[in-house]
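Work through the exercises below with the sequence and the model open. Each task is followed by a solution in steps.

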Amino acid sequence: QVLPRHLEIIFRINHEFLAEAARLHPGDVQLLRRLSLIAEDGDRRVRMAHLATVGCRYVNGVSALHSRLLVQTIFADFALLWPQRFGNVTNGVTPRRWLQQANPALSRCLDDALGRHWRRDLSALQPLAARADDCGLQQAFRAARLDNKRRLAALIHRSTGLSVDPDSLFDVHVKRIHEYKRQLLNVLHVVTRYRAMLAQPHVEWVPRTVIFAGKAASGYHRAKQVIRLIHDVAQVINADPRVADRLKLAFVPNYSVSVAEVIVPAADLSQQISTAGTAASGTGNMKLALNGALTIGTDDGANIEIRQLVGDDNIFIFGRRAHEVEAIRRAGYQPIRIYESNPQLKAVLDSIASGAFSPVEPARYRDLIDSLLWGGDPYLLLADYDDYLQAQARVDALYAQPALWAIRALRNVAAMGEFSSDRAVQEYAHRIWRVQPGHGIARDG
C-alpha cells in the first residue's frame, strides 16, 4: 500500500533470480524457497539481506571468522549458488588518529626508534619486534605509557572524583554496552577479585584499576542494569580501605571519540571478551593493541587475526571457540549446573543477587542473575568464567615482570600494520570497487 511500485520491482527481480537459480539447481524446490527474496512463512515479507546479496557483485565480512560464518550460516545457499561472490576484507583503523594524534608520546618514541615513515605505512612498525629486547627502547616506551596513564588518571578524577594510581595495571573495557560483549563477565571477575583480596589480605596482589566506558541503547534494559551494577560495585570497592589502592573500579561517563583518545593510549590490558562467534570484527581491539595494550579475549572476530600476527605468547586467549559454543548450545546448555558445582562462582553470584552491592534495594539484581541461572545464560558467561579467571591470573603474573610486559607490548605494536585502514581501503579499491590510484573505474571486459 505504501510502496507498490517498489514491491512490483522486487517481485520482478525475484522472478528472474529464481529462474536463474532453478537453471543452476533444477528440481531443488526447497533451495528456491530458502533463496526467495520473499519470505512465505507467516506474514509475507521482503528479505532485505537477500535482496542486497542479489543486487551486489561482492559480499564480504569484516574479519576472517565473520566472513567464514556468513558463508556457513545465513548466506550458505547464496555461497552455493555464487561462491565467487564471497570474500573477506578485515577492518582497519587509521594510524593518523589512533596513534599519531591520540598518542603523541608513543609517536615520538616510535619516531626515535624507526623514523616517521610508519605514519604513512603502518607496516613500517614491524622492525620494532626485533628491537623489543632493547632496554633503552623499553624505558622510552614505558615512560610514554606512564605519561598517558597520568593523563587518563586526571580525566577519571575530573569526571568521577576517583583517584587512581597510574602505576597500577589499567584494565580497560570500552565499547557499546551489550550482553554479547560480556561486560557482566568482567564485573564477575572484579567481584571475584575483591572477595579474594578480602579473604587473603596478606597476598601481594598486583594493583589494578578496572576502567569501563560505553553507552547502552535507550531501550536496552539489561545493558542499563549492567551499567548500574558497575557503579554499585565501584561504590563498595572504592570506599573499602581494606583493598586501598590495590583495586579500583571506574566508569568513565559520556564515552566518545575524544574520551577514547585519552583512554586507548593509557590501557595496559584490552578486554575483548565477546562470546565467540558473535563479534563481526572489532576495531577497539586494533586501536588498543596499536597503542601497546595486551589483549585478553576470546578467539572471536579480529582477535583471531591479532593472535596469529602477535603469537600466542603475546595475547591472553581464553574461552570456548565458535564451534564449541554452538556444540554447547546444541547439547542443551544448563548454566545452573556450573553454578552448583563451582563454589567460588556461586558465592559471587549470590553476593550480587542478595544485595551485597545494593543494600538499599537488595533485590535490585535478582533478575539479572536469574537471567544467567534460569534464563539460559545465552552468551555463556558461566561456561567461560573459570577460563577467564585463569587468563586473568596469567595477566597478573606477567604484569609483575615490567620488562617482559614491555617486550610483549612492543611486539603487539609492531604487528599492527595489517590493521591499518589504509590496507583495508586498498583491498576494497582493488578487489571490489576496481579502481586504481590516479585512474578511474576498471570496467569488466
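**Exercise 1. Burial of strand β6**

Task: In this predicted model, determine how many residues of strand β6 are buried, and sort them by face.

Solution. Step 1: β6 spans residues 208–213. Step 2: apply the cut-off for burial, under 20% relative accessible area. By this criterion 6 of the 6 residues of β6 are buried, and the strand is mostly covered. Step 3: separate the two sides. R208, V210 and F212 lie on one side, and T209, I211 and A213 on the other. Both faces are covered.

**Exercise 2. The neighbours of β6**

Task: State how strands β5 and β6 run relative to each other, parallel or antiparallel, and how many bridges join them. Do the same for β6 and β7.

Solution. Step 1: β5 covers residues 169–174 and is joined to β6 by 6 bridges, with the two strands running parallel. One of the pairs to look up is F170, whose bridge partner in β6 is T209. Step 2: follow the chain between these strands. From β5 it passes through helix α9, residues 183–199, to reach β6, and this β-α-β crossover is right-handed.

Step 3: turn to β7, residues 247–251. β6 and β7 also pair in the parallel sense, over 5 bridges. Here F212 has F251 of β7 as its bridge partner. Step 4: the connection from β6 to β7 goes through helix α10, residues 221–238, and this β-α-β crossover is right-handed.

**Exercise 3. D396 and T295**

Task: Place D396 in its helix, decide whether D396 is buried or exposed, and list its contacts beyond four places in sequence. Then treat T295 in the same way.

Solution. Step 1: D396 belongs to helix α18, residues 381–399. Step 2: its relative accessibility is 14%, so D396 counts as buried. Step 3: leaving out residues up to four places away in sequence, D396 touches R193, V206 and R208. Of these, R208 is one of the buried residues of β6. Step 4: for a pair distant in sequence, take D396 and W205. They are 191 residues apart along the chain, yet their C-alpha atoms are separated by 8.2 Å.

Step 5: T295 lies in strand β9, residues 294–297. Its relative accessible area is 0%, so T295 is buried. With residues up to four places away in sequence again left out, T295 touches L269, S270, Q272, N303, I315 and F316.

**Exercise 4. Two pockets**

Task: For the largest pocket, give the volume, the number of lining residues and the make-up of the lining by class. Repeat for the second largest pocket.

Solution. Step 1: the largest pocket holds about 500 Å³ of space. Its lining has 29 residues, and V174, K175, K181, T283 and G284 lie nearest the centre. The elements giving two or more residues to this lining are α11 (257–263) and α12 (284–290). The largest share, 4 residues, is from α12. Step 2: by class, this lining has 11 nonpolar, 12 polar and 6 charged residues.

Step 3: the second largest pocket has a volume of about 350 Å³. It is lined by 14 residues, with R142, K149, D167, Y399 and P402 nearest its centre. Helices α8 (135–160) and α19 (402–414) each supply at least two lining residues, and α8 gives the largest share, 5 residues. Step 4: the classes here are 9 nonpolar, no polar and 5 charged residues.

Note on methods: Residues are numbered from 1 along each chain as its sequence is written. This is a predicted model: local features need pLDDT of at least 70, side-chain atom pairs count only at pLDDT 80 or more; totals for chains, interfaces and linings use all residues. Side-chain values use heavy atoms; hydrogens and water are left out. Buried means under 20% relative accessible area, exposed over 50%, partly exposed in between (1.4 Å probe, protein chains only). Contact means heavy atoms within 4.5 Å. On a 1 Å grid over the protein atoms alone, a cavity is a set of points where a 1.4 Å probe fits but cannot get out, and a pocket is an open set with protein on both sides within 12 Å along at least five of seven lines; lining residues have an atom within 4 Å of a point. Grid points are joined across faces, edges and corners, and a volume is the space filled by probe spheres set on the points. Ala, Val, Leu, Ile, Met, Phe, Trp, Tyr, Cys and Pro count as nonpolar, Asp, Glu, Lys and Arg as charged, and the others, Gly among them, as polar. Two strands pair if DSSP finds at least two bridges between them. A crossover is right-handed if, with the strands pointing away from the viewer, the path from the first strand over the helix to the second runs clockwise.
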